Amino acid sequence: MAAKDDPKLVLYSYWQSSCSWRVRLALNLKGISYEYKAVNLLKGEQFTPEFEKLNPLHFVPVLVDGDVVISDSYAILMKYLEEKVGPQEQLLFAETNVEKGFHALEKLLKDIVGKYATGDEVHMADVFMAPQIAMATKRFKIDMSKFPSLSRIYESLKALPEFLESSPEEQPDAVM
Ligand SMILES: N[C@@H](CCC(=O)N[C@@H](CS)C(=O)NCC(=O)O)C(=O)O
């Protein structure tokens with residue numbers, strides 16, 4: 001677990017980058033201190049040889065923890081920082097508490113009119129939500145009748161050929 005005042009984390013960030021901001025926010029919420037290294041995107045500092053070694057894609061944020069370099073905000077947030085802190089500081093529901101997440105989603109979605117998460121058009125929200133619901137229901141055998149809005153949207157998504165074709169079982173490396 002990270003010591004609250006462990007100074008070894010270094011965050012390469014740009015003050016106006018929202019991708020960097022979400023990592024700064026999570027670090028603060030988790031009580032993890034870090035050294036701030038500014039990368040001025042307007043001056044092209046993401047293209048310096050020094051930064052390119054950290055992230056050949058030239059994006060901030062980059063988090064450096066000793067020998068470990070993580071150059072994507074989602075990887076930093078969802079995987080790295082969640083595993084680094086104790087349960088009190090985690091921002092994701094524990095896997096065993098998936099139903100709590102479903103209850104929260106159900107509340108958000110209860111007034112949605114339409115087939116999908118935001119209406120009658122498939123939205124980015126559906127792209128994120130559908131695989132999570134599919135995998136969680138399968139793994140934890142959740143009784144979906146408790147979540148009528150979520151179920152309705154999930155059924156619409158399941159009916160899409162694109163959903164079917166992208167599902168795990170349809171992939172060339174699937175082990176059945
Ligand atoms: N998938 C990356 C995307 C990062 C990203 O798009 N960063 C933007 C700032 S928010 C950036 O560094 N842009 C560099 C540029 O505009 O040259 C992440 O989530 O960390």
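In this predicted model, the ligand sits among Ser17, Ser18, Cys19, Leu41, Gln46, His58, Phe59, Val60, Pro61, Asp72, Ser73 and Tyr74. Sorted by class, that shell comes out as 6 nonpolar, 5 polar and 1 charged residues. Two helices stand out as contributors: helix H1 (18-30) and helix H3 (73-84) each put at least two residues into the shell.

Some of the ligand's neighbours have backbones worth a second look. Most residues other than glycine have a negative phi, and most peptide bonds are trans. Against that background, the peptide bond running from Val60 to Pro61 is cis, with omega near 5°. Pro61 belongs to the loop between helix H2 (49-54) and strand S3 (62-65). The loop between H2 and S3 also holds His58, whose phi is positive, near 65°, even though His58 is not a glycine. His58 has 16 other C-beta atoms within 10 Å, so it counts as partly exposed. Both Pro61 and His58 appear in the list of residues around the ligand.

Turning to the strands, S3 has partners in two other strands. With strand S1 (9-13), S3 runs antiparallel, and 4 bridges join the pair; here Leu11 stands opposite Leu63 of S3. With strand S4 (residues 68-70), S3 again pairs in the antiparallel sense, this time over 3 bridges, and Asp65 has Val68 in S4 as its bridge partner. S3 and S4 make a hairpin with 2 residues between them, and Gly66 in the turn takes a positive phi of about 65°. S1 has a further partner in strand S2 (residues 35-38), and those two pair in the parallel sense over 4 bridges. In that pairing, Ser13 is found opposite Ala38 of S2.

What about the packing? The largest nonpolar core contains 17 residues, and Tyr12, Val23, Leu63 and Ile76 are the ones that touch the most other members. Strand S1, H1, H2, S3 and H3 each give two or more residues to this core. Apart from it lies another core of 10 residues, including Phe102, Ala130, Leu150 and Ile153.

A closer look at two residues fills in the picture around H3. Setting aside neighbours within four places in sequence, Ile76 is in contact with Val23, Pro61, Leu63, Ile70 and Leu81. Pro61 turns up once more here, having already appeared beside the ligand and at the end of the cis peptide bond. Leu77, found in helix H3, counts as buried because it has 20 C-beta neighbours inside 10 Å. With the neighbours within four places in sequence left out again, the contacts of Leu77 are Arg22, Val23 and Ala26. Val23 therefore shows up in the contacts of Leu77, where C-beta atoms within 7 Å count as a contact, and Val23 is also listed for Ile76. Leu77 and Leu91 are 14 residues apart along the chain, and their C-alpha atoms are separated by 8.9 Å.

Further along the chain comes helix H5 (124-140). H5 has 17 residues and spans 25 Å from its first C-alpha to its last, close to the 24 Å expected at 1.5 Å a residue. Asp126, Ala130 and Ile133 are buried in H5. Ala130 is also one of the residues of the 10-residue core. An α-helix has 3.6 residues a turn, so residues three or four places apart point the same way. The cover over the buried residues of H5 includes H6 and helix H7 (161-166).

Just after H5, Lys141 adopts a positive phi of about 45°, although Lys141 is not a glycine. Lys141 lies in the loop between H5 and helix H6 (148-158). Where His58 is partly exposed, Lys141 is exposed, because just 8 other C-beta atoms lie within 10 Å.

Conventions:
Residues are numbered from 1 along each chain as its sequence is written. This is a predicted model: local features need pLDDT of at least 70, side-chain atom pairs count only at pLDDT 80 or more; totals for chains, interfaces and linings use all residues. A residue is near a molecule or strand if its C-beta atom, placed from the backbone, lies within 6 Å of it. Ala, Val, Leu, Ile, Met, Phe, Trp, Tyr, Cys and Pro count as nonpolar, Asp, Glu, Lys and Arg as charged, and the others, Gly among them, as polar. A residue is buried if 20 or more other C-beta atoms lie within 10 Å of its own, exposed if 12 or fewer, and partly exposed in between; C-beta atoms are placed from the backbone. The expected span of a helix is 1.5 Å times one less than its number of residues. Two residues are in contact if their C-beta atoms, placed from the backbone, lie within 7 Å. A nonpolar core is a set of buried Ala, Val, Leu, Ile, Met, Phe, Trp, Tyr and Cys residues joined through C-beta atoms within 7 Å. Two strands pair if DSSP finds at least two bridges between them.
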